[in-house]
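User: I am new to this structure and should be grateful for a close look at a single part of it. Please begin with one residue and then place that part in its wider setting.

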Amino acid sequence: MSSVINSTESEEYEALLQFLYMAPVGLVQISSDGTIIMLNPLSAQLLMPLSQDGELTNLFDALAPVAPDLQLQCSQFAASYGQICDATRLYLHADDAANGPQMLSLSMLKLDEERLIAVLNDITLQDRRERQLRKTDAWLNAIMTNIADYALVSLDKQGRIESWNESIARVTGHAPGVKGEPYAIFYPAGATTQEQQMERLREADENGWTLHEGARLRADGHEFWGSSMISPLPARIEENAEPCELSDEEPAYCMIIRDISDKRDVSENLRKAAYCDHLTGLSNRRAFFEAADLELLRRNNALRPLSLIMLDADHFKAINDQYGHPAGDAVLCHLAATMKSVCRQIDILARIGGEEFAVILPSVNLADVMAVAERLRKQVQLIPAMYEQHVIAYTISIGVAVMDDSVSGFDALMKRADQALYAAKRAGRNRVVCLDAEAAHFPAQQTGVGHEW
């Protein structure tokens, strides 16, 4: 009888193995600490780009760069079995720019107290289609919404308001004196730059239109949540003649501003679910690399500076060990809030790993990015984090890099900033280091304790 049971169990096990290996999705069985027990070929193929040494032994370690909170999420799942997460999106930035970034979907299932199953799927093409569909839906929604929601603004080639009409007054409160002003007058201070305004015009020229949501400003100083769409106007065509060149004063673009404050909560919730780190509220890896690709394209078109800051909390493991993981989370939130207070609205702030953060600074040169990084370092050192009754003093190390002709792409820029970050750690932490080519006559430019820059 025992041999019959053993034979049946063996057959079931073999059937399970066959299913595991033939499944059209990546399947990984792990123990509670993340140790990989079994994985099928497809999951190995999807996970191998994340492996540092070519070996896959622990799923939590392999996914730590793109899902830093996965192990904590699994350990905090109280039920004896069930679904821990469903179709969480993981953004992998490819080193091969020709292939582009890759998007994985991850679902985690708890089988019992000792075993978990991870389901992985490549959804790169699906994600691209969804992004394009969202843009199309937003464009159609802008057309179909009641015309009373619109402020219709004509712009010249330099982005200046070419004429005034009552719709501008209705939505923004501005009077005819707004004519001749740059369209940045509809944005809060710090929400845009002159370079960014011109970039949006170029994007409209290239794509036929450009759409952007965010804070807008009324004439009385009150902010509202608005959607702005810019489209180029066709050049005037004389009968039997080629299109004529528009002067700077003639309308070249149509800008439509809509007050969508009533839809902000829904829009923001959808955006946060897809693009925000749930702990800190900063951009997640997906949003960071999508923004990086766009900023690099804009930089190449406009030949303007582009800087990158990479930083992490010094001795973060010791903080977790001494005060516990909730206190460590409080430190990360404190660091994120400090970054927001120091950086501009147009900078891209992201959490890209456990205690690793990054900032993309468009139109910022070497001297200015070093000043921003040093201001951030000092602010963190000056104001400690608080958790319950504990005052947690900590410092950060910062690596800085600036895009120049010696950098072949954003991956190379990140590598340079990462090298600078590790140089800061090797030099004693709590400092800013730049290994930029512009500073090549120095071993490294740095600021911090005991250093002048």
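Analyst: Ser154 is buried, because its relative accessible area of 15% falls below the 20% under which a residue counts as buried. The model is a predicted one, and this value is computed from it. Ser154 belongs to strand β6. Its side chain takes part in a polar contact of 2.8 Å with the side chain of Ser163. Once neighbours within four places in sequence are set aside, the residues in contact with Ser154 are Arg160, Ile161, Glu162, Ser163, Pro251 and Tyr253. Ser163 is therefore both a polar partner of Ser154 and a member of this contact list, while Tyr253 leads on to another element, since strand β9 covers residues 253–259.

Strands β6 and β9 appear again in the surroundings of helix α7. The buried residues of α7 are covered by elements that include β6 (150–155), β7 (210–217), β8 (223–232), β9 (253–259) and α9 (285–302). Helix α7 itself comprises 14 residues, 194–207. From its first C-alpha to its last it reaches 20 Å, close to the 20 Å expected at 1.5 Å a residue. Gln196, Gln197, Glu199, Arg200, Leu201, Glu203 and Ala204 are the buried residues in α7. An α-helix has 3.6 residues a turn, so residues three or four places apart point the same way. After α7 comes Gly208, which has a positive phi, near 95°.

Helix α9 (285–302), named above among the elements covering α7, also leads to the aromatic residues. One aromatic cluster is formed by Tyr91, Phe288, Phe289 and Phe410. The whole structure contains four aromatic pairs.

A second buried strand offers a useful parallel. In β10, eight of the eight residues are buried, so the strand is largely enclosed by the rest of the structure. Both of its faces are covered: one side carries the buried residues Leu306, Leu308, Met310 and Asp312, and the other carries Ser307, Ile309, Leu311 and Ala313, also buried. Two strands pair with β10. Seven bridges link β10 and β12 in the antiparallel sense, with Met310 standing opposite Ala358 of β12. Strand β15 also runs antiparallel to β10, joined to it by seven bridges, and there Ile396 is the bridge partner of Ala313.

These strands contribute to the largest nonpolar core, which has 35 residues. Ile309, Leu311, Met339, Tyr394, Ile398 and Val400 have the most contacts inside it. Two or more residues of this core come from each of β10 (306–313), α10 (316–323), α11 (325–342), β12 (356–362), α12 (366–382), β15 (396–402) and β16 (431–434). Tyr394 touches Ala313, Ile319, Val331, His334, Leu335, Val380, Gln381 and Ala385, not counting residues up to four places away in sequence. A second, separate core of 25 residues includes Ala67, Leu70, Ile84 and Leu120.

Asp312 of β10 also has a charged neighbour to consider, Lys425, with which it makes a side-chain polar contact of 2.7 Å. Lys425 lies in helix α13 (residues 410–426), and its relative accessible area of 16% explains why it is classed as buried. Apart from neighbours within four places in sequence, Lys425 is in contact with Asp312, Ala313, Asp314 and Ser397. Ser154 and Lys425 thus each join a buried position to a side-chain polar contact.

Methods: Residues are numbered from 1 along each chain as its sequence is written. This is a predicted model: local features need pLDDT of at least 70, side-chain atom pairs count only at pLDDT 80 or more; totals for chains, interfaces and linings use all residues. Side-chain values use heavy atoms; hydrogens and water are left out. Rings of Phe, Tyr and Trp (its six-membered ring) pair if their centres lie within 6.5 Å; planes under 30 degrees apart count as stacked, over 60 as edge-to-face and the rest as tilted. Helices (H or I, at least four residues) and strands (E, at least two) are DSSP runs, numbered from the N terminus. Buried means under 20% relative accessible area, exposed over 50%, partly exposed in between (1.4 Å probe, protein chains only). A polar contact is a pair of N or O atoms within 3.5 Å; within protein, one must be able to donate a hydrogen and the other to accept it, and residues adjacent in sequence count only if both atoms are side-chain atoms. Contact means heavy atoms within 4.5 Å. A nonpolar core is a set of buried Ala, Val, Leu, Ile, Met, Phe, Trp, Tyr and Cys residues joined through side-chain atoms within 4.5 Å. The expected span of a helix is 1.5 Å times one less than its number of residues. Two strands pair if DSSP finds at least two bridges between them.
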